[in-house]
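Please open the model in your viewer and keep the sequence beside it. The tour below goes from one selection to the next and says what is to be found at each stop.

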Amino acid sequence: MKARKNSGASNPPVVAGLRRLRRTELPADTVRLARYLIGKTLVHSTRGGVVVSGRIVETEAYPPGDPSGHAFRGKTASNGSLFLERGFAYVYFCYGSSFMMNVSSERPGIGAGVLIRALEPLHGIGLMRRRRGGAPLRDLARGPGRTAAAMAIDRRYDGLDLCGRHSLWLAAPTRRRGVLAVSPRIGITRAVDHPLRFYERGSRFVSRSSR
DNA sequence: TATGCGATATTCT
DNA sequence: GAATATCGCATAG
């Protein structure tokens, strides 16, 4: 029998309340998608039934033709997911230690995406903390590499449809979004002044304050 | 809190 | 061989 209320300590927290985003809800435009994703939820349900999720509080746009974008030099064996239609995962490995996830944007055949840079942990915080070596709550997903680690996202998820019925998906917000703030992007060497980083103002889970 | 630095592997030159 | 959309630790203030 099923508990009608969420009183059981071992029950996963109100995951049924999370509604999958449909692709038609995602703006096709890269910058608009980057803004749209702030406040949305990223969900990863494991086979064991544990659900890990977080509010997206920081993104960066890498629009078509951006010299700092991975698609800038054209399609290769590793960046193909950026050229899919919007809503697919592009996962790559960087600096010898970190995976990072983008959400593909624009139309099929156009290489662009939105980097997910930070989450505010919502569900499965115990599992996230284990995956992150016992880091404090604030640091569990503060930064793109930490986000991928906390969500157990690796190369296997490259090319996955985040709007499909898979274990990793995008969901509607759990509460209203705060004020959106804008700054230059982090860690790049070209087009460094473009205001293409978006974050929720005041969030303690954002990777860095703008300068 | 801010800054500096080394580790690390994949990709493209 | 070089570059890289980073992290964690160290140190100083």
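**First stop: DNA strand B**

Begin by selecting arginine 155, where a polar side-chain atom lies 3.2 Å from a phosphate oxygen of DNA strand B. Bear in mind throughout that this is a predicted model. Next, add threonine 76, which has an N or O atom in its side chain 2.5 Å from a phosphate oxygen of DNA strand B, and then serine 78, where the corresponding distance from a side-chain N or O atom to a phosphate oxygen is 3.3 Å. To complete the surroundings of this strand, select Phe93, Tyr95 and Gly96 as well, which together with Thr76, Ser78 and Arg155 are the residues around DNA strand B. Of the atoms of DNA strand B that come within 4 Å of the protein, 70% belong to sugar and phosphate. By class, the protein surface here has two nonpolar, three polar and one charged residues.

**Second stop: DNA strand C**

Move now to DNA strand C, which has 20 residues around it, and select Met100, Asn102, Arg132, Arg146 and Gly187, the ones that come nearest. For this strand, sugar and phosphate make up 53% of the atoms that come within 4 Å of the protein. Which part of DNA strand C lies 2.3 Å from an N or O atom in the side chain of asparagine 102? Zooming in on that side chain, you will find a base nitrogen at this distance. At arginine 146, by contrast, the partner of the side-chain N or O atom is a phosphate oxygen, 2.7 Å away, while at proline 144 a polar backbone atom is 3.5 Å from a phosphate oxygen of the strand. If you colour by secondary structure, strand E4 (98–104), strand E5 (113–123) and helix H3 (144–150) each supply at least two residues of this surface, whose residues divide into eight nonpolar, nine polar and three charged.

**Third stop: the largest pocket**

Hide the DNA for a moment and look for the largest pocket, which holds about 720 Å³ of space. It is lined by 38 residues, and to find its centre you can select Tyr62, His70, Tyr92, Gly187 and Ile188, the closest ones. Strand E2 (51–62) and strand E3 (89–94) each supply at least two residues of the lining, as do E4, E5 and H3. The lining has 17 nonpolar, 13 polar and eight charged residues.

**Fourth stop: salt bridges**

Finally, show the charged side chains, among which the count comes to 13 salt bridges. Select arginine 117 and glutamate 60, whose side chains meet in one of them (3.7 Å, N to O); this pair links distant parts of the chain, with arginine 117 in strand E5 and glutamate 60 in strand E2, 57 residues apart. Both arginine 117 and glutamate 60 are buried.

Then select arginine 185 and aspartate 66, which form a salt bridge with their closest N and O atoms 2.3 Å apart. Here arginine 185 sits in the loop between strand E7 (180–183) and strand E8 (197–200), and aspartate 66 in the loop between E2 and E3, 119 residues apart. Arginine 185 counts as buried because its relative accessible area is 6%, under the 20% cut-off, and aspartate 66, at 5%, is buried too.

A last pair to select is aspartate 154 and arginine 156, joined by a salt bridge (3.3 Å, N to O): aspartate 154 counts as buried at 18% relative accessibility, whereas arginine 156 counts as exposed at 67%. Elsewhere, Arg55, Glu120, Arg175 and Glu200 are joined into one network by salt bridges that share partners.

Definitions and conventions. Residues are numbered from 1 along each chain as its sequence is written. Chains are lettered from A and ligands numbered from 1 in the order in which they are written. This is a predicted model: local features need pLDDT of at least 70, side-chain atom pairs count only at pLDDT 80 or more; totals for chains, interfaces and linings use all residues. Side-chain values use heavy atoms; hydrogens and water are left out. A residue is near a molecule or strand if one of its heavy atoms lies within 4 Å of it. A polar contact is a pair of N or O atoms within 3.5 Å; within protein, one must be able to donate a hydrogen and the other to accept it, and residues adjacent in sequence count only if both atoms are side-chain atoms. Helices (H or I, at least four residues) and strands (E, at least two) are DSSP runs, numbered from the N terminus. Ala, Val, Leu, Ile, Met, Phe, Trp, Tyr, Cys and Pro count as nonpolar, Asp, Glu, Lys and Arg as charged, and the others, Gly among them, as polar. On a 1 Å grid over the protein atoms alone, a cavity is a set of points where a 1.4 Å probe fits but cannot get out, and a pocket is an open set with protein on both sides within 12 Å along at least five of seven lines; lining residues have an atom within 4 Å of a point. Grid points are joined across faces, edges and corners, and a volume is the space filled by probe spheres set on the points. A salt bridge is a side-chain nitrogen of Lys or Arg within 4 Å of a carboxyl oxygen of Asp or Glu. Buried means under 20% relative accessible area, exposed over 50%, partly exposed in between (1.4 Å probe, protein chains only).
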